[in-house]
Structure formats: structure tokens, C-alpha cells
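These are my notebook entries on a two-chain model. I set out each query and then what I found.

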Amino acid sequence: MFTRLTVFTRLLLFLLLLMPVSVGFIGVIFPSFGYFPALDRHDFSFDIFKKLFAVDGLGRMVWLSLFTGIGSTLLATLCTFLLLAACYKSSFLNKVQAMLSPLLVLPHAATAIALLFVLSPSGLFARLIGSITSTTIPSANAAFFPYDDWGISVLCALVLKEVPFILLMALSVMAQPSNVRKLAGYQRVGVSLGYNEKSTFFKLMLPSIYAQIRLPILAVLVFATSNVEIPLILAANNPGTLSTAILHWFNHVDLSMRLLGSAASILQVFVCVFAILFFITIERGVALWGRNRLHAGKRNFFERSIAFLGTSVLAVYAVLIAMVVYVVVMYSFATYWPFPHLLPQGFTLLHWQTALSAIDEPFWNAVALAFATSTSSVVFVLLTLESEVLAPAKQKVARLFSLSLFLPLLVPGVAFLYGLVWFQQLLSTHALGFHTYIAHMVYVVPYVYLSLAVSYRRFEPRYAYVAQSLGKSPFQVFWHIKLPMLTNAVCVSWALGMAISFSQYLPTLLASGGAIPTVTTEAVASVSGSSERLTAVYAILQGVMPFMGFVIAWTLPAMIRFARTRKRNRFSQKVMRYGP
Amino acid sequence: MDHKSTVLRGQTLSQVLSLQHLTIHKGGERLLQIHTEVPAQSVLTIMGPSGCGKTTLLNAISGQLSAPFVMQGDICINGRSVVAIPPHKRKVGIMFQDALLFEHMSVKENIAFAIPPERYRSKKAQSIAIDRLLENVSLSGFGDRSIDALSGGQQARISLLRTLAAEPDVVLLDEPFSKLDASLRAQIRQWTFDEIKRRDIPAVLVTHDKEDAQAADGEVIEIMPC
């Protein structure tokens with residue numbers, strides 16, 4: 001019975017991941033070839049694509065997407081490896097992880113906003129330089145940041161967001177029991193053969209780590225190449241990246257522009273495929289070069305420079321984080337803050353009051369959506385993971401399932417979300433909440449799955465064997481043994497799911513047709529609209545909300561344990577009173 | 001629920017485990033073959049180098065065999081084939097070298113978890129019964145302790161109490177003494193075998209240790225590496 005339920009859930013989850021993406025993709029293919037009944041277009045042709053390729057600046061948009069996507073992913077991967085090489089052996093690594101983890105759950109929009117506050121011509125960086133050199137004209141980086149033609153600022157924001165992700169992926173791979181032993185062995189062997197710490201890392205450990213984090217890195221690459229909110233906030237708008245152009249076309253008053261948007265979505269998929277191929281080519285090249293270097297047998301591998309670079313990456317992060325926190329908090333309380341002063345002239349609660357009164361609905365929308373998606377994701381994922389134990393699928397089916405997990409991460413959101421929304425509108429125009437829920441699930445489920453699967457597979461199976469040998473049914477084992485022993489992991493995955501849902505911009509905006517504003521959609525909207533101070537408040541809220549989720553995740557297990565002991569004590573007192 | 005098995009248990013006085021032409025394959029290769037019978041109160045000892053499939057054999061008996069392992073032949077407890085019965089209904093208790101006590105439960109809860117439902121009239125009666133069990137292994141007053149406050153020897157004793165509290169028809173012992181230090185080892189081993197005799201059930205012991213095999217005082221089968 002329970003086993004059947006778990007197998008059914010696995011199927012449901014599979015469909016939940018597969019359907020929206022494939023249906024959505026079909027939903028942009030038809031319009032891109034000119035078929036769009038709603039606009040009375042029934043003929044298939046290549047006209048839309050012809051029109052698309054005639055768009056002024058299309059090449060530049062594609063180039064920007066590729067440059068920022070591939071550039072940021074390469075740079076972020078390199079930074080991560082330098083960081084790892086510099087401190088994989090020291091206890092410092094835990095601190096690094098603790099420092100970068102909050103950045104992982106900070107929405108992309110908030111990261112871009114924060115960067116804007118620090119690096120814009122009137123930002124904190126310019127203020128610092130201005131107050132030191134007493135130049136009154138904020139020209140220090142006016143030409144460079146933001147809205148530069150090269151997309152450098154977009155690239156920086158992407159790198160900032162990607163490093164923590166890749167780092168945590170690498171750390172979780174390195175923490176898997178089978179890898180811990182292997183890597184420690186490699187390291188000992190390397191050092192005993194006379195290779196220094198850094199070359200041991202790059203020559204022996206990294207190849208094995210990289211193979212296991214390759215898929216997440218490719219997902220990062222696709223995401224970076226097709227991300228919308230960061231270029232929307234930081235890129236020069238004419239022309240921006242391809243993804244922002246798609247957004248504009250779809251939201252254009254002239255509905256026929258949607259056809260152009262659909263065709264551009266298809267192009268976006270090809271851009272992402274190209275990015276992946278390009279990245280793999282570079283990867284192969286590096287691997288070939290690395291293999292040749294292995295034969296050279298050099299024992300010293302830029303020991304000092306790697307340590308220096310790794311530490312600098314860390315230093316940049318530390319400085320940036322400190323500056324971001326300072327400037328955003330200051331702005332949210334500032335009255336008049338003339339350039340280049342480092343302190344505002346006065347403080348006020350006005351912005352907070354204004355923002356909080358306006359944010360009421362978006363806040364509860366975001367919380368309700370996140371709670372619904374994350375909680376149901378955790379339930380679905382738990383049952384699915386349990387089905388892998390109770391009724392293992394055939395190897396091919398299992399592989400198909402794990403591929404479907406990465407599907408929403410490997411197919412750019414701008415490419416399928418519009419098509420998905422189109423289908424959803426055909427089904428019902430009233431179930432906006434449900435449509436938005438589905439659009440969020442597509443992104444929340446993979447992350448919840450990836451994070452829970454690690455601890456679930458690390459669970460000592462003999463506990464379950466013992467419980468079964470005591471006569472407990474699969475459900476009883478799951479409920480009384482596995483769940484209580486995995487409480488921490490379940491709570492953290494739940495909080496991660498909340499954070500992912502909070503950060504969704506495009507799915508929320510599209511699936512709800514703008515009718516369900518969340519803190520993130522309001523924050524992105526506020527950048528182009530209202531005052532910087534309100535934007536600062538939104539950015540803080542965006543950071544605080546996922547954090548609250550994690551606070552709950554950290555305290556809940558302790559509270560459950562406390563309740564359990566109290567119940568136990570009360571019971572044993574009763575027994576003593578009535579006892580023999 | 002387990003009506004059939006209770007009737008069966010009523011008919012026969014003692015339990016027998018019989019492994020009939022039991023063959024285990026890994027992939028296409030034959031891993032081991034065994035044909036024997038373990039009467040009640042006796043312990044069958046399985047010895048052999050690591051990787052020869054000792055634990056796999058226990059998995060087959062307890063119903064935990066999974067791919068790539070495949071088994072042929074029959075496993076009967078008390079004359080009834082259990083091959084088609086799911087693991088939790090086989091009434092086969094297992095003990096590993098780690099006590100594997102559930103850390104989110106107290107000592108008493110660990111044992112209570114194992115006791116079949118409705119064995120006692122009330123929670124109070126059950127609690128008193130568990131106190132008696134703990135007394136027998138000189139751990140009285142340990143009922144409300146949490147697991148991490150116990151020594152290895154104490155955990156081993158509670159683990160065995162837990163296994164027996166489920167009233168198994170067969171007990172499987174997967175090197176359960178190997179992590180205990182020498183002085184404790186003989187004592188707990190003797191006590192385990194005594195309990196198995198007292199309960200009138202058969203047991204299968206997997207071990208590396210010759211002393212274990214001697215103490216078990218039953219048939220010894222050595223599995224050769226294939």
C-alpha cells in the first residue's frame with residue numbers, strides 16, 4: 001500500500017517535472033513558426049524567424065548572453081577551484097562555507113540590487129574614493145558600472161552568485177563518505193610522491209571532484225546565459241541580453257510581438273546549447289592540457305600564487321559583503337545622503353513604514369507560495385526517495401528520472417515559461433494561484449530533491465533493516481525511524497525550497513500574469529521606479545525572508561527533540577507514580 | 001494479522017530454520033551455495049574471508065536481498081517457506097556489529113518499539129515488563145536514559161533485548177561481538193547464546209573469530225571465496 005503510494009508519487013513527480021517543460025516548449029515552437037490561433041494566425045512559415053534575424057542588434061544581444069553566461073561560469077568555476085585549493089586542508093573552509101552560504105539563498109535580484117548600491121557611480125565604492133581623493137564628480141567608475149556596453153557588470157553579479165553555488169556543490173561531493181576516503185587517500189599519496197598541496201589538489205583530487213559537479217555547473221551555465229533579472233537590473237538596455245529582449249517582446253502591448261518572442265525563445269535554446277558545447281570544448285582543452293602536464297611531473301604548481309589568488313577571491317567577497325550590508329542598511333534608514341559622504345545626514349523609519357505598508361500583500365503572497373511549494377516538494381521528494389529504496393526502478397528508468405530532474409535547470413526558463421503560461425491560460429484563466437504554484441514547483445522540486453537525496457542516501461540502511469526485522473512495515477520504518485533521524489536534513493531542504501521559491505522572478509511574473517506580486521517581483525520593479533531607499537528595504541527583505549526559513553529549519557529539530565524528551569519524562573513520571 | 005503463523009507456532013513446539021539448496025548469484029556468477037538445517041536452540045556459524053557473501057546470505061534469510069544479488073532454492077522457517085514473505089513479516093531478527101539503537105528514542109522506547117502490538121494490556125504493564133527485562137541484564141534504571149549516554153557493552157545488551165522483544169522465530173547475528181573489547185566479549189556472547197537457547201529458537205552467526213564459533217557450539221560452515 002505504502003510502497004504503491006511511493007511509486008505513484010515518483011511517477012507524479014516525473015510528470016510534474018517533464019510536463020511543464022515539454023508542454024511549454026511546444027507552446028513556443030508553434031507561435032515561432034507563425035501558428036497562433038488567438039491572433040488569428042494559422043499558417044506555418046519561417047517569416048517570424050526572418051523577422052527575428054532582421055531585428056537590429058540581435059547579434060549583439062546573442063553575444064552579450066554568451067559572453068556574460070560563459071564568461072561568468074568560467075570565472076566562477078576558476079574562482080571556486082582557487083578557493084578550494086587555497087583552503088581545502090584548513091578548518092578555515094567551514095568558515096568560508098558559512099560566509100558564502102547566505103549568498104546562495106539571496107535571490108539573484110537582490111544580488112544585482114546590492115551590487116548596484118555598491119558599484120554604481122553614486123554607490124559606496126565611489127563614495128569611498130570620493131571622500132578619500134575629495135573628487136566631487138562621481139566619475140570614478142561612471143563609464144564602467146552599471147549599464148556598461150560589455151556586460152561586465154552583469155558578468156560580475158553572475159560570478160558573485162555562482163561561486164557559492166559551485167563551492168557548495170563541490171563541498172557536498174567532497175563530503176560524501178566514499179569520496180572522503182578516496183580524496184584523503186589521493187592527498188596522502190600525492191604528498192608522499194613529493195607533490196605540494198596545491199598541485200595534489202589540481203592534479204589528483206580536482207579531476208575526480210569535477211566529474212561529479214559537472215552537471216550542476218552546466219545548469220549554472222544555462223541559467224547564467226538565460227537569466228533575466230540580473231541583466232534587467234544591471235545591463236544597458238539597448239540592446240540588453242537576448243533574455244531581456246524576450247521579456248520585453250512578450251510583455252509588449254502589441255500582441256503580435258509575442259510571435260517574435262517565441263522565435264527568440266527558440267533562439268535562446270540554441271544559444272544555451274552553443275554555450276554548453278563551447279564550455280565542453282574548453283573543458284576538453286583544459287583536460288588535455290592537464291593530462292600533458294601530468295607527464296611533466298612537476299611537483300610545484302604555483303603554490304604561492306594559488307594561495308594568493310584563492311585568498312583574494314575570499315577577500316573580495318568579504319569586502320563586498322561588508323559593503324553591501326552597510327550601504328543597503330544605511331540607505332533603508334537614510335534621509336538626505338549627499339555624495340560623497342559616507343554617512344547620511346539623518347536617519348528615518350519612513351522608508352520602512354512606506355515599504356512595509358505596501359509590501360503586506362506581496363509578502364504574504366510570497367510566503368504562501370513558498371510554503372505551499374516547498375512543503376509539497378519535500379513530501380513528494382521524500383516519497384520518491386523512499387520508492388527508490390522500496391521498489392527500485394530499472395536502471396534506464398532511474399537514469400531518465402534523474403535527467404528529468406535537471407531538465408528545468410537545463411532548459412532556459414524564458415524558453416518554456418511563456419509556452420507553459422499559454423497552455424495554462426487555455427486550461428483555465430482563473431486558477432492563477434495554481435498556475436503559479438506549478439511554475440514554482442518546476443524549479444523548487446529539483447533543488448529540494450538534490451539536497452535531500454544526499455542525506456537520504458547517506459542514511460545507514462541497517463537502521464531500516466533492524467526496524468523491519470522487528471516486524472515494522474515499510475511505512476512504520478519510514479515514519480518512526482527514517483523521518484525522525486533525518487529531521488535536520490528535511491528541515492534544511494524545506495528551507496532551501498522556500499528560498500528558491502522566494503527568489504523566483506520570471507515564473508511568478510508570467511504564470512500569474514502579474515496578478516500575484518511577490519517581494520521579488522516588487523523589488524525588481526522598484527529598481528526602475530521608486531526611490532533607492534525603498535529598493536534598499538526590498539533588498540533587505542529579500543535577504544531576510546530566506547534567512548528566516550533557515551532559522552526555522554535550524555530551531556525546529558531542537559524543538560521537536562525537546563518536545564519528545566518532555567513527553568517521555570512526563571510518561572515515565574506517571575509510570576513511577578502508578579508503578580510497582 | 002499474523003493469525004496463520006500463530007496457529008503454526010501453536011502446533012510445533014520448537015522452531016527450525018532450513019536452507020534448502022540455497023544458491024546466491026551475483027550478476028551471472030555463483031557466489032555461494034548452502035544446504036542445511038538449524039534446529040531450535042542451536043547456532044549455525046558461517047565463517048569465511050570478507051567479500052565471500054556471508055552478509056549476503058543473512059540478507060537473503062531476512063529478505064533484504066537486492067540487485068545485483070539473486071537467490072535460488074528455498075528458505076523455510078518451521079516448515080513454511082518465507083521467500084515470498086516481505087521482510088517485516090518474516091519474524092527474523094537481526095543483530096549487527098553496531099548496536100544501531102534508534103537515537104531519537106530512549107532505552108525503554110527502543111525496546112517498546114520492538115514489542116508486538118497489544119502484547120500487554122496497558123502501557124503501564126508494558127513499561128513494567130521492560131523494566132524487568134532491563135533488570136535481567138543488570139541495567140535496571142536505564143530505561144529513560146538516552147542512547148548516546150550508554151557504553152558500547154550496554155548498547156550491545158539493549159540491542160539484543162530489543163531484537164528478542166520482537167519475539168523473532170529466527171535470530172541472525174552479523175559479527176555482533178566484533179566491536180566489543182575482549183573482557184566484555186565472552187560475557188555478552190555467552191549471554192546471547194543462553195538467551196537464544198532459553199527462547200527455543202535457531203540462530204545464524206556470521207563471524208571471523210574462531211572463539212565465537214567454538215562458543216556457539218553448533219555446525220560451522222566455511223564459505224570459500226569463489
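Among contacts in chain B between residues at least 6 apart in sequence, what percentage join residues at least 24 apart? I found 73%. I note at the outset that the model is predicted.

**Entry 1: chain B as a whole.** I counted the secondary structure elements and recorded seven helices and nine strands in chain B. I then looked up the radius of gyration, which is 18 Å, whereas the globule rule gives 17 Å for 226 residues; the two are close, so I regard chain B as being as compact as a globular protein of that length. Along the principal axes, the C-alpha atoms of chain B occupy a box of roughly 50 × 45 × 30 Å. I found that 38% of the 226 residues are buried.

**Entry 2: the sheet in chain B.** I traced an open sheet of five strands in chain B and noted parallel pairing, with the order β6-β7-β8-β3-β9. Its edge strands are β6 (92-95) and β9 (220-222) of chain B, each of which pairs on one side only. I also looked up the angle between neighbouring strands of this sheet, which is 15° on average, direction ignored.

I next examined the pairing of β3 (residues 43-47) with β9 in chain B. The two strands run parallel and are joined by three bridges. Which residue of β9(B) is the bridge partner of Met47(B)? I identified Glu222(B) in that position.

**Entry 3: the contact between the chains.** How many residues of each chain take part? I listed 22 residues of chain B in contact with 22 residues of chain A. On the chain B side, β6, α3 (107-114) and α4 (123-136) each supply at least two of the residues that touch chain A. I sorted the residues on this side of chain B into 12 nonpolar, seven polar and three charged. I note that β6(B) enters twice in these entries: as an edge strand of the sheet, and as a contributor to the side that touches chain A.

**Entry 4: chain A.** I recorded 23 helices and zero strands in chain A. For 580 residues, a compact globule would have a radius of gyration near 25 Å, and the 26 Å of chain A agrees with this. The C-alpha trace of chain A spans about 85 × 65 × 60 Å along its principal axes. I found that 46% of the 580 residues count as buried. Of the contacts in chain A with a separation of 6 or more, 80% are between residues 24 or more positions apart.

Terms used. Residues numbered from 1 in each chain as written. Chains lettered and ligands numbered in written order. Predicted model: local features only at pLDDT ≥ 70, side-chain atom pairs only at ≥ 80, totals over all residues. Pairing = 2+ DSSP bridges. Helix = DSSP H or I, 4+ residues; strand = E, 2+ residues; numbered from the N terminus. Axes fitted to C-alpha atoms, helices over the stretch in contact; angles between N-to-C directions. Contact = placed C-beta atoms within 7 Å. Nonpolar A, V, L, I, M, F, W, Y, C, P; charged D, E, K, R; others polar. Rg over C-alpha atoms; globule rule 2.2 N^0.38 Å. Buried ≥ 20, exposed ≤ 12 C-beta atoms within 10 Å, placed from the backbone.
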